[in-house]
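Hi,

Here is the structure I said I would pass on. Have a look at it, and then read my notes below.

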Amino acid sequence: MQLIGSLTSPFVRKVRIVAAEKFVEYDLVVDIPWNEDSRVSEYNPLGKVPVWVQEDGKTLFDSRVIVEYLENVSPVGHLLPKEARPRIAVKRWEALADGVCDAAALIFMERKRPAAQQNPEWITRQMAKVDAGLKMMSDDLGKQTWCTGDFLSLADIAVGCALGYLEFRFPEIDWRLQHPNLSELFDRLMQRPAFKDTVPVA
């Protein structure tokens, strides 16, 4: 099996961490979708990463689909509850964290455009989503050790990937000072090999 993606994408990182926590073996194929020689569109018509190539050659895309697949194919280290209510709670956290990543990625891409072509109002609007998302994460986490329940779940992994992406791409956002409980969660996650081994690199 193969995972196609970049080393900076928080969505690819989420899949890598889930695979590591569940001891699923695969080959990582680094491919940057916006590079001219990218082959991502051959595997995903939407031209996005991550893409998971199964043993029969069929592909899965969108990180939420891939991590659910990994949860089902490996009995090790359950990251999603079986019961409907707690499972939805975990998926809600994942959607929130992914939404923060989406808004942050849009800001990053907009800032790569020539200064005269950038839309400050668009950037401000996306940054407001990041700030609001962080506040909801912090409020919902409260004094809990983990996002849901008493153990690591996909919720924590998704939030950790979002925080890691902000730390990597937006050092000017002082989320650690604003939300110390998120900082504690992130530091706790970074003690795990799966997080240490997938720190984004330019």
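Let me start with one small detail: a polar atom of the S6 side chain sits 3.2 Å from the backbone nitrogen of S9. I'm calling that a polar contact, meaning a pair of N or O atoms within 3.5 Å; within protein, one must be able to donate a hydrogen and the other to accept it, and residues adjacent in sequence count only if both atoms are side-chain atoms.

Before going on, a word on the basis: this is a predicted model, where local features need pLDDT of at least 70 and side-chain atom pairs count only at pLDDT 80 or more, while totals for chains, interfaces and linings use all residues. Residues are numbered from 1 along each chain as its sequence is written, and side-chain values use heavy atoms, with hydrogens and water left out.

Back to S6, which you'll find in the loop between β1 and α1. (Helices, H or I of at least four residues, and strands, E of at least two, are DSSP runs numbered from the N terminus.) S6 has a relative accessibility of 4%, so it counts as buried; the cut-offs are under 20% relative accessible area for buried, over 50% for exposed, and partly exposed in between, with a 1.4 Å probe and protein chains only. Neighbours within four places in sequence aside, S6 is in contact (heavy atoms within 4.5 Å) with V12, D31, I32 and V49.

Now the sheet. Four strands make up an open sheet with mixed pairing, in the order β2-β1-β3-β4. β2 (27–30) and β4 (59–61) are the edge strands, each with a single partner, so one side of each has no neighbour in the sheet. β1 (residues 2–5) pairs with β2 in the parallel sense over four bridges; two strands pair if DSSP finds at least two bridges between them. Within that pair, G5 is opposite V30 of β2.

Two helices lie across these strands. α1 (residues 10–21) crosses β1, β2 and β3 (51–53), at about 160° to β1, and α3 (residues 63–73) lies across β3 and β4, at about 120° to β4. Axes are lines fitted to C-alpha atoms, for helices over the stretch in contact, and angles run from 0 to 180 degrees between N-to-C directions.

Finally, the whole chain: it has nine helices and four strands, and 47% of its 202 residues count as buried. Along its principal axes, the C-alpha trace spans about 50 × 45 × 30 Å.

Cheers
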